[in-house]
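Visitor: I'm new to this one, so please start me somewhere specific. Take a close look at any cavities, and tell me what sits around them.

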Amino acid sequence: MSRFLKLIHSSIFIVSSAFTTITFAAPSEFLVHHHAQNSYVNFPNIPRLDQAVLSILHNNKIDSQNIDWLSSSLFDLSSPYEFRRLVMSMVGEQVDMSDDSEDKVRWSHLLTQLERWQYSKRIFLPVDPDITSLNKEYNPNLAGKWLLDLNENSHSVWVLGQVDKPGEYQWHHRTSARQYIKEASWQSYDEFVYVIQPDGKVEKHSVVYWDNGFLEVAPGATIFVPMPFVQSPLHPEYTANNPNEMIVELLRNRIQ
């Protein structure tokens, strides 16, 4: 994992062995993350998305039937993802400024978890070649540096935010966001929570007890219960927009 993190933050990818260090400079360069392993692929010619994915599957002997295409995603590594720094600073300031002891603990837990994950600019397109090959809008030419995150099927859901027991919970069929947050010791009176589905789509799910409508929470989703926040006198830009929506946007760009 440490090598993976170093590659993400590097602007030039290097493959090292005990004897040599080779620096690749190609029109299209891919870091591939699959099954907790990483590989590096470069293309001498600029490929389309479906061509790149099919080539990577073939070269790495990956069975496409074992890929969860909904959560698998493409990230742009051409430049640093500065939004991460902004959100971490904002959350850290909320930890410092919160007057309520329980809220301070929740902000602190949230900051700790957010710092454990890695982020980059996600390209919100399907990466399944069965889809991209049929639609030019989903199948761009890919010049530059990219991360292809190929995930296997998930069996869990993350719950974060204003709950007493944030963390990863077992996914269950036909289970609502309200049921998951109650399992995470939800004590507040929110009318809705944010659900970041595995494909990056953000939904607002009602959690009021009188709402009998049901919305699916997919395996691999993240549920974020909005946090109360304090207006920042030193950095008004942190709270000019809703800090909760800034956190949700960061979570959309998480590398899983």
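Guide: A cavity here is a set of points, on a 1 Å grid over the protein atoms alone, where a 1.4 Å probe fits but cannot get out, and its lining residues have an atom within 4 Å of a point. The model is predicted, so local features need pLDDT of at least 70 and side-chain atom pairs pLDDT 80 or more, while totals for chains, interfaces and linings use all residues. Residues are numbered from 1 along each chain as its sequence is written, and side-chain values use heavy atoms, with hydrogens and water left out.

Searching the whole structure turns up two cavities of 30 Å³ or more (grid points join across faces, edges and corners, and volume is the space filled by probe spheres set on them). Let's take the second largest, at about 40 Å³. Around it you'll find Arg106, His109, Leu110, Leu160, Gly161 and Pro166. Two elements give two or more residues each to that lining: α4 (101-116) and β9 (156-161) (DSSP runs, helices being H or I of at least four residues and strands E of at least two, numbered from the N terminus). α4 has the largest share, with three residues. Sorted by class, this lining holds three nonpolar, two polar and one charged residues (Ala, Val, Leu, Ile, Met, Phe, Trp, Tyr, Cys and Pro are nonpolar, Asp, Glu, Lys and Arg charged, the others, Gly among them, polar).

Now hop over to the largest cavity, about 60 Å³ in volume. Its walls come from Arg122, Ile196, Gln197, Pro198, Gly220, Ala221, Thr222, Leu251, Arg252, Arg254 and Gln256. That makes four nonpolar, four polar and three charged residues.

Follow two of those arginines, Arg252 and Arg254, and you'll meet some rings. Arg252 lies over the face of Phe124, 3.9 Å from the ring centre, and Arg254 has its charged end over the ring of Trp117, at 4.0 Å from the centre (a charge counts if NZ of Lys or CZ of Arg is within 6 Å of the ring centre and within 35 degrees of the ring normal).

While we're on rings, the whole structure has six aromatic pairs (Phe, Tyr or six-membered Trp rings with centres within 6.5 Å; planes under 30 degrees apart are stacked, over 60 edge-to-face, the rest tilted). Tyr81 and Phe83 make an edge-to-face pair, 6.2 Å centre to centre with 65 degrees between the planes. Tyr209 and Trp210 have ring centres 5.2 Å apart and planes at 85 degrees, so they are edge-to-face. Finally, Phe192, Tyr194 and Phe224 are linked by ring pairs into a cluster.

Conventions
On a 1 Å grid over the protein atoms alone, a cavity is a set of points where a 1.4 Å probe fits but cannot get out, and a pocket is an open set with protein on both sides within 12 Å along at least five of seven lines; lining residues have an atom within 4 Å of a point.
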